[in-house]
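Me: I'd love to go through the salt bridges of this model with you. Could you take them step by step?

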Amino acid sequence: MNEDTRFQRQQYRAQTAHRVYPKGYTRSDERIREDICERFSHSGLPVGDVSVEVAEGRVTLDGTVNARPVKHAIEDFVDDCMGVQEIDNRIKVQRPGQGGRDTMDSVSGKGAGGEGSDPETNTKPGE
């Protein structure tokens, strides 16, 4: 997380710390989601592969990022949004050298190398 991102979080906390809302006020899930997505767009964090869902104030984050600190920074941003009750952070960290195709094909049950490939080396016989 860079210094600009930290500064933005500090500014947001300072602006929202003194807010007082009427008794019984609850933000709608759509408004919470919109706030989170808007803040992400200005954060400088690489959130292009992250999805956000909100149900009853519970936020579910899903997708992939390139580093563990980014995963935690995203969760911290969400935690700072008013109306968030709980966060389910399902974001995976994509390690260098890992591709999205190294998992089993859900339709064929074959790995990314295709039919007859060696799962250890991801090569076909004779290669």
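Me: How many salt bridges does the count come to?

Reply: Happy to help, and do keep in mind that this is a predicted model. A pair is counted when a side-chain nitrogen of Lys or Arg lies within 4 Å of a carboxyl oxygen of Asp or Glu. By this rule, the count comes to 4 salt bridges.

Me: Which residue forms a salt bridge with Asp 35, and is that partner buried or exposed?

Reply: The partner of Asp 35 is Arg 27, with the closest N and O atoms 3.2 Å apart. Asp 35 itself has a relative accessible area of 16%, so it is buried. The cut-off for buried is under 20%. Arg 27 has 14% relative accessibility, so the partner, too, counts as buried.

Me: Where in the chain do Glu 86 and Arg 58 sit, and how many residues apart are they?

Reply: Their side chains meet in a salt bridge, at 3.5 Å from N to O. This pair links distant parts of the chain: Glu 86 belongs to strand S3 (residues 86–93) and Arg 58 to strand S2 (residues 58–65), which puts them 28 residues apart.

Me: Which residues are linked with Arg 58 in a network of salt bridges?

Reply: Arg 58 is partly exposed, at 42% relative accessibility, and Glu 86 is partly exposed as well, at 45%. Arg 58 also forms a salt bridge with Glu 56, where the closest N and O atoms are 3.8 Å apart. Glu 56 is exposed, with a relative accessible area of 64%. The residues linked with Arg 58 in the network are Glu 56 and Glu 86.

Note on methods
Residues numbered from 1 in each chain as written. Predicted model: local features only at pLDDT ≥ 70, side-chain atom pairs only at ≥ 80, totals over all residues. Heavy atoms only, no water. Buried < 20%, exposed > 50% of the residue type's maximum accessible area, 1.4 Å probe, protein only. Helix = DSSP H or I, 4+ residues; strand = E, 2+ residues; numbered from the N terminus.
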